[in-house]
Amino acid sequence: MPKVYLSPSLQEFNPYVDGGNEEYYMNLIADAMEPYLKASGIDFERNNPEMTLSQAITDSNRGNNELHLAIHSNAAPPATAGQYRGADIYYYPTSTNGRRFADIIKGNYENTYYLPNEVETIPTTSLAEVRRTSAPAALIEVAYHDNPTDAQWIRDNINNIAESLSKSVADYFGVPFVKP
C-alpha cells in the first residue's frame, strides 16, 4: 500500500486576513484529505500541531513514507501584503520524483484554483520540507492568506483543495483515485 506523509503547516502565528491562522486551515485540508486517501487505498501519517518543523521532518523520515506533502498558505512581504494571489508548488531541484509530484499537483490544482494561470512550480533549496525529507517531497502554498479574496477562497474550498491534493497523491502513485 503506498504511503504519504501529510504535513499541514505548524505556523499558528501566521494570521489570516479576516481571522483564523495558517495552521488551523491547513489542518482542515489535511483532515479532509484523509477519507479520499483511505478510499483510494493510500496509507498516510501526518504531523501534529504540537510538533516543531524539525520533529515533523524526523517523523516523516522515520515512517518509511514514499512521499511527503507539506500543505501551507502564503503571505506577501509586509510592504506588499494583500496584493498577491496564486498558488506555488515547491520541490527540490535535484529530486526527479519531487518535481514529478509538483507537476502533478500543478496539473490538478489548475482545475481547482480560480486563477489557473497563477499556479506554478518552483525549484528551491531553501525549504526544509523539500530539502531534508527522505521521501520525494512537494510543498504547496495553496493561496495567499493575507489577500482577502484568496483567504476567503481557501475557507470556501477546503474540500475541493483536499480532493485535488488527494487526487495528486493517487496520480503520483499510479493508483485509481476514489471518492469516499
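Start with the lining of the largest pocket: its residues divide into eight nonpolar, nine polar and three charged. The model on screen is a predicted one.

To find the pocket, select Gln-11, His-72, Leu-127, Leu-139 and Glu-141, which lie nearest its centre among the 20 residues that line it. The space inside the largest pocket comes to about 280 Å³.

Next, colour the elements around the pocket. Select β1 (3–8), β3 (67–74), α4 (128–131) and β6 (137–144); each of these supplies at least two residues of the lining. Which element gives the most to the lining of the largest pocket? That is β3, with three residues.

Now leave the pocket and select two helices, α1 (residues 22–39) and α6 (residues 158–173). Their axes are 8 Å apart, and the helices pack at an angle of about 55 degrees. Because of that angle, α1 counts as oblique to α6. Turn the view to look along the line from one helix to the other: the crossing of α1 past α6 is right-handed.

Show side chains for the contact between the two helices. On the α1 side, select Tyr-25, Leu-28, Ile-29, Ala-32, Met-33, Tyr-36 and Leu-37. On the α6 side, the residues they meet are Ile-158, Asn-159, Ile-161, Ala-162, Glu-163, Leu-165, Ser-166 and Val-169. Colour this contact by residue class: 12 of its residues are nonpolar, two are polar and one is charged.

For a last view, show both sites together: the pocket lining with its eight nonpolar, nine polar and three charged residues, and the contact of α1 with α6 with its 12 nonpolar, two polar and one charged.

Conventions:
Residues are numbered from 1 along each chain as its sequence is written. This is a predicted model: local features need pLDDT of at least 70, side-chain atom pairs count only at pLDDT 80 or more; totals for chains, interfaces and linings use all residues. Side-chain values use heavy atoms; hydrogens and water are left out. Axes are lines fitted to C-alpha atoms, for helices over the stretch in contact, and angles run from 0 to 180 degrees between N-to-C directions. Helices (H or I, at least four residues) and strands (E, at least two) are DSSP runs, numbered from the N terminus. Angles under 35 degrees count as roughly parallel, over 145 as roughly antiparallel, 65 to 115 as roughly perpendicular and the rest as oblique. A crossing is left-handed if the near helix is turned anticlockwise from the far one by less than a right angle, and right-handed if clockwise. Contact means heavy atoms within 4.5 Å. Ala, Val, Leu, Ile, Met, Phe, Trp, Tyr, Cys and Pro count as nonpolar, Asp, Glu, Lys and Arg as charged, and the others, Gly among them, as polar. On a 1 Å grid over the protein atoms alone, a cavity is a set of points where a 1.4 Å probe fits but cannot get out, and a pocket is an open set with protein on both sides within 12 Å along at least five of seven lines; lining residues have an atom within 4 Å of a point. Grid points are joined across faces, edges and corners, and a volume is the space filled by probe spheres set on the points.
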